[in-house]
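User: I am new to this structure and would like to know how its labels are earned. Please take me through them one by one.

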Amino acid sequence: MNVIRAIQMYIDKMITDAGPGMKLLMMDRETISIVSMAFAQSEMLQKEVFLFERLDSVRSNEKLKYLKCIVFVRPTKDNIFMLQQELQCPKFGSYYIYFSNIIPRTDIKILAESDEGESVQDFKEVYADYLPVNPNLFSLHIPSCLQALSWNPEALERSTQGLVSVLLSFKFRPAIRYRAGSTAAQTLAKKVHETINKETALFSFRPPEDGAAPPLLLILDRRDDPITPLLNQWTYQAMVHELLTINKQRVDLLRVTGVPKDLKEVVLSTEQDEFYANNLYANFGEIATTIKVLMDEFQKKANDQRKIESIADMKNFVETYPQFRKMSGTVTKHLVLISELSVQVGQQQLFEVSELEQEIACRADHSTQLQRVKRLVSEGKISSANALRLVLLYAMRYERHANCDTSGLLKMLHDRGGRSHIVPRMLEYISTVARQELFNTVKITDAVKLTRNLIKELKGVENVYAQHECVLKGTLEEVIKGRPLDAQYPIMGNEVPFRRPPAEVIVFIVGGATYEEALAVHRYNQEGHRIVLGGTTIHNSESFIEEVLAATVGVPFKHSRSLQQFHHAPAGTA
């Protein structure tokens with residue numbers, strides 16, 4: 001189960017089916033990202049794809065009959081209309097049209113009638129309607145999917161199409177489970193279930209043999225775990241996304257001082273960058289050590305006796321030896337990234353902030369934690385964004401504590417110009433399930449769960465910055481070990497629940513997944529399991545807070561009435 005490989009296979013087939021000769025690839029705004037995340041431009045050139053165009057761009061009327069045009073677009077009304085116009089006055093010698101998802105028959109008829117010159121040589125559906133981020137991670141790039149805590153209709157439609165595409169690309173007809181109590185998860189599960197039943201011919205795959213359980217599609221809700229996206233991260237990919245932001249594999253370094261011109265924007269792809277693929281889940285310290293080893297090897301070759309002991313030393317070394325930069329290729333790019341991450345860690349005092357975040361997320365110690373949060377927020381040494389995160393974590397953990405002082409912290413945050421109005425909105429966003437289970441504030445009656453928690457506490461934690469375990473990790477453990485799921489994760493439709501655990505699992509999080517959750521999935525896959533994670537988007541703390549704000553517009557303040565003075569943003573802020 002590899003989403004990048006699945007997309008690559010579809011694109012390869014499109015190009016192969018068009019046969020030898022010069023080709024142009026015509027895409028839309030979304031499919032251009034899908035292709036670029038699967039293949040580098042140089043790889044496409046090797047496949048005789050020499051030109052790239054957008055279907056919606058203004059193009060010249062020059063006829064290029066010697067070119068084969070491969071069209072790869074989403075089956076939207078706008079794209080059908082533009083293709084209709086293209087076929088009525090064809091610019092290229094032949095067309096090979098591929099839609100990234102199921103296309104209605106009425107639209108096929110419209111396009112067939114427009115092709116009077118019979119220039120269309122091939123017409124197919126390929127199920128490549130999602131962004132392949134990592135081999136085990138996909139995104140639909142929907143930055144906010146809820147309105148007033150209910151589905152935005154367009155986002156629901158796009159999520160249904162994306163999930164159906166993932167299922168068809170793996171040839172799965174799954175059992176579908178959703179988080180009990182989540183209307184958003186249930187609604188999406190129902191829509192996917194209806195589509196599978198409607199498109200029976202497409203989903204007529206051979207059932208698993210020997211009584212094995214079918215693949216599982218598990219639909220979860222971000223509202224059940226608002227903690228994970230708020231925490232500072234210390235593994236490489238997650239850390240880059242948190243501090244610099246990864247947008248469709250690209251990282252913008254334009255505002256970073258001292259960066260070479262050719263590295264103002266860098267691409268992070270597991271397919272095109274071996275160093276990145278090997279160190280995706282390595283922690284901050286391990287990455288720097290790995291780069292140092294590479295430099296030590298070069299030093300021996302260059303007979304350089306200088307000591308390299310810090311990230312700054314590494315940077316100076318690269319500037320002195322341009323040939324190392326040429327030889328190392330991508331290593332220089334990663335050194336630039338690591339250098340900037342190191343600067344951010346120091347400037348934002350992230351070791352202290354992260355340790356307190358982890359403490360609040362993992363254990364109750366109200367008095368001590370309140371004093372530490374007050375000190376960090378009032379001193380002004382940490383950024384407003386980090387101060388806000390600490391207050392958000394405190395407010396959620398101690399919402400029902402007798403001595404809860406969220407209002408006092410919000411006043412401090414407000415006085416230093418922080419976005420205090422976000423905290424009441426988060427208290428409205430968090431689900432009932434999260435309120436009951438996230439911090440174990442209710443009595444645990446499940447003896448097995450209680451025992452597991454005690455064992456975890458007795459074992460202790462090796463790293464104070466990695467104490468937190470996302471809710472998804474515990475959920476996957478339940479699935480993998482074949483524990484009863486019906487109460488927490490009801491099955492959609494009339495299917496008889498299997499007691500044996502599924503061999504393949506696709507998890508989809510409404511409201512966005514995170515790289516911390518992708519790491520949990522990766523670790524299970526290393527043990528031999530087959531799990532893929534997807535989400536409406538991939539969040540860092542900033543994008544998650546924006547999602548919360550969008551999702552709670554128009555929601556009455558029910559859980560945060562006592563914080564009335566902080567309900568609305570000050571004039572001029574968002």
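User: What does Thr514 touch, leaving out residues up to four places away in sequence?

Analyst: This is a predicted model. In it, Thr514 touches Arg222, Thr228, Pro229, Leu533, Ile538 and His539. Contact here requires heavy atoms within 4.5 Å. Thr514 sits in the loop between S14 and helix H22 (515–526).

User: Why is Thr514 called buried?

Analyst: Buried means under 20% relative accessible area. Thr514 has 3% relative accessibility, so Thr514 counts as buried.

User: Which strands make up the open sheet, and in what order?

Analyst: The sheet has six strands, in the order S6-S7-S15-S14-S11-S10. The pairing is mixed.

User: What makes S6 and S10 the edge strands?

Analyst: Strand S6 (131–134) and strand S10 (175–178) each pair on one side only. From one strand to the next, the twist averages 25°.

User: How do you know that S10 and S11 pair?

Analyst: Pairing needs at least two bridges between the strands. S10 and strand S11 (residues 216–221) have four bridges, in the parallel sense. The cut-off is at least two, so they count as a pair. One bridge partnership joins Tyr178 to Ile219 in S11.

User: Which helices lie across strands of this sheet?

Analyst: Helix H1 (residues 3–17) lies across S6, strand S7 (137–139) and strand S15 (530–535). H1 runs at about 140° to S6. Helix H7 (residues 183–198) lies across S10, S11 and strand S14 (504–510). H7 runs at about 165° to S10.

User: Why is the pair of Phe99 and Phe123 called tilted?

Analyst: Rings pair if their centres lie within 6.5 Å. These centres are 5.5 Å apart, and the planes stand at 55°. Under 30 degrees would be stacked, and over 60 would be edge-to-face. The angle of 55° meets neither condition, so the pair is tilted.

User: What does the pair of Phe99 and Phe123 tie together?

Analyst: Phe99 lies in strand S4 (residues 92–99), and Phe123 lies in strand S5 (residues 120–125). The pair therefore ties together parts that are 24 residues apart in sequence.

User: Are Phe99 and Phe123 buried, exposed or partly exposed: which word fits each?

Analyst: Phe99 has a relative accessible area of 0%, so it is buried. Phe123 has 28%, so it is partly exposed. The band for partly exposed starts where buried, under 20%, ends and stops where exposed, over 50%, begins.

User: What makes Tyr394 and Tyr398 a tilted pair?

Analyst: Their centres are 5.1 Å apart, with 45° between the planes. The distance is within 6.5 Å, and the angle is neither under 30 nor over 60 degrees, so the pair is tilted. Tyr394 is buried at 0% relative accessibility. Tyr398 is buried too, at 3%.

User: How many aromatic pairs are there, and which residues do ring pairs link into a cluster?

Analyst: The whole structure holds 14 aromatic pairs. Ring pairs link Trp234, Phe284, Phe351 and Tyr465 into a cluster.

User: What is notable about phi in Ala148 and Lys248?

Analyst: Ala148 has a positive phi of about 50°, although it is not a glycine. Lys248, also not a glycine, has a positive phi near 50°. Ala148 lies in the loop between strand S8 (146–147) and strand S9 (150–151). Lys248 lies in the loop between helix H8 (236–243) and strand S12 (250–252).

User: Why is Lys248 called partly exposed?

Analyst: Its relative accessibility is 29%. That is neither under 20% nor over 50%, so Lys248 counts as partly exposed.

Key
Residues numbered from 1 in each chain as written. Predicted model: local features only at pLDDT ≥ 70, side-chain atom pairs only at ≥ 80, totals over all residues. Heavy atoms only, no water. Axes fitted to C-alpha atoms, helices over the stretch in contact; angles between N-to-C directions. Buried < 20%, exposed > 50% of the residue type's maximum accessible area, 1.4 Å probe, protein only. Phe/Tyr/Trp six-rings, centres within 6.5 Å; stacked < 30°, edge-to-face > 60°.
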